[in-house]
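Reader: I have a model to go through at the bench. Please show it, then take my questions one at a time.

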Amino acid sequence: MAIENSLIVYAALALLTALVVSFLMTPVVKSFAYKVGAVDVPKDTRRMHKVPIPRLGGLAIFIGFMVSILIFINIRGNSQMQSILMGAVIIVVLGVVDDIMALPAMLKFVVQIGAALIPALNGVVIQAFSNPNIFSQNPYWALGSLSIPVTVLWIVGITNSVNLIDGLDGLANGVSAISAATMLVIALLASEAQVAIIMAALVGACVGFMPYNLNPAKMFMGDTGATFLGFILATISIQGLFKFYAVISFAVPFLILGLPIFDTSFAFIRRIAHGQNPMHPDRGHIHHRLIDMGLNQKQAVATLYVISAILGLSAVVLTTGGEQKAMLFFAALCIVAVVAARVVFPKEVRSEIQEELDELNGHTKEEKRDS
């Protein structure tokens, strides 16, 4: 697949523009967050920070993204792009209000469905995806009348999945940037100019906010940023993955967005198994478990970055080299990641886990003696 040089230049300029605008807007948004009281005060054990930190950083990401899009994409007459941006504006407004004053979960869910319906009713739909049954003669499933419900489910699901992994400094922002970068590479290889520029703008907006969001974070992106990133990733994945890679469309988006999808699915199953409301927050997400294993925030975030990058690279190989190469590539990267993890933090993690086990064994012995 040859990549057009002009497309690379436009994508690079879109990325740089979004990066600069997002970076410059963050201090402005930070000041605004303090004025309107959009500050995250640690109230429970789920929160990793110890001091109040302003939210609304997603507003800077959104502004950087929109400035770049309006400069490099002609949205006049482009009804699908207009519908995506309109839905994104609704999601951002909802996020801003929620970051200032906590809104009921059901209200947010209903508004998210309404925002998802806007692009879904304007042609941004999942019409078909590959058949997971390898023994079937039909290479893919046509959804027909189910296309709009499935599309809305996908958009709302990914929107909330990205929001749910936003539990450590820089985690959701970085994972979203990696996912967007993966889609950018695939779009460049497929010469899909619009998807490439949109993803370049999203990567730039995320990277521009990153210096303020990495541990120790000076600002959070809040629901404004997390839901916005999830919404854009979900809608553009329909445009650039489900449509242009019909035969492997079932696997590619799920690989790129694998981390938030797995974490959300596992959270729902875990909560239902414990008889809880699936929307009830808890401290059982992947990032919480890594922290409980003994990793610090930076190590946990780096680990999840690596996992997301492995999934993203596997998706790129799948679109260019086929299923067998992608599986071999995925397996090789997993082995490298495991070996690297043992090299980077073998002692401290093992020692802390051993201390926890020793403490647990000590309590067990004392209980036996008391009985």
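**Contacts, core and salt bridges**

Reader: Leaving aside its neighbours within four places in sequence, what is Phe65 in contact with?
Author: Contact means heavy atoms within 4.5 Å. Neighbours within four places in sequence are left aside. Phe65 is then in contact with Ala18, Leu85, Ile198, Ala201, Leu202, Ala205, Phe228 and Ile232.

Reader: What kind of model is this?
Author: Residues are numbered from 1 along each chain as its sequence is written, and side-chain values use heavy atoms, leaving out hydrogens and water. Local features need pLDDT of at least 70, side-chain atom pairs count only at pLDDT 80 or more, and totals for chains, interfaces and linings use all residues; the model is predicted.

Reader: How many helices and strands are there in the chain?
Author: Both are DSSP runs, numbered from the N terminus: helices are H or I with at least four residues, strands E with at least two. The chain has 14 helices and four strands.

Reader: What share of the residues in the chain is buried?
Author: Buried means under 20% relative accessible area, exposed over 50%, and partly exposed in between (1.4 Å probe, protein chains only). The chain has 371 residues, and its buried share is 49%.

Reader: Which helix gives the most to the largest nonpolar core?
Author: A nonpolar core is a set of buried Ala, Val, Leu, Ile, Met, Phe, Trp, Tyr and Cys residues joined through side-chain atoms within 4.5 Å. The largest has 93 residues, and Phe65, Trp154, Ile198, Met199, Leu202, Phe228 and Ile232 have the most contacts inside it. With 14 residues, the top contributor is helix 7.

Reader: How far apart are the end C-alpha atoms of helix 7?
Author: Helix 7 covers residues 193-213, and 17 of its 21 residues are buried, so the rest of the structure largely encloses it. The expected span of a helix is 1.5 Å times one less than its number of residues. For helix 7 that gives 30 Å, which agrees with the separation of its end C-alpha atoms, 30 Å.

Reader: How many salt bridges does a search of the whole structure find?
Author: A salt bridge needs a side-chain nitrogen of Lys or Arg within 4 Å of a carboxyl oxygen of Asp or Glu. The search of the whole structure finds four.

Reader: Which residues are linked with Arg55 in a network of salt bridges?
Author: One bridge joins Asp40 to Arg55, with closest N and O atoms 3.7 Å apart. Asp40 lies in strand 1 (residues 39-40) and Arg55 in the loop between strand 2 (53-54) and helix 2 (57-72), so this pair ties together parts 15 residues apart in sequence. Another joins Asp99 to Arg55 at 3.8 Å, bringing in helix 3 (residues 79-100) from 44 residues away. Arg55 is thus shared in a network with Asp40 and Asp99.

Reader: Is Arg55 buried or exposed?
Author: Its partner Asp40 has 10% relative accessibility, so Asp40 counts as buried. Asp99 is buried too. Arg55 has a relative accessible area of 16%, so Arg55 is buried.

Reader: What does the side chain of Lys108 meet in a salt bridge?
Author: Lys108 lies in helix 4 (residues 105-120) and its partner in helix 8 (residues 222-242), so the bridge ties together parts 115 residues apart in sequence. The N to O distance is 3.7 Å. At 18% relative accessibility the partner counts as buried. That partner is Asp223.

Reader: How far apart are the C-alpha atoms of Gly58 and Asp223?
Author: Gly58 is in helix 2 and is buried, with a relative accessible area of 0%. Not counting residues up to four places away in sequence, Gly58 touches Met221, Thr224 and Gly225. Gly58 and Asp223 are 165 residues apart along the chain, yet their C-alpha atoms are separated by 7.5 Å.

Reader: Which peptide bond is cis, with omega near -5°?
Author: Look in the loop between helix 7 and helix 8, where Pro216 sits. The cis bond runs from Asn215 to Pro216.

Reader: What is phi of Leu56 near?
Author: Leu56 lies in the loop between strand 2 and helix 2. Leu56 is buried, with a relative accessible area of 0%. Leu56 is not a glycine, yet its phi is positive, near 75°.
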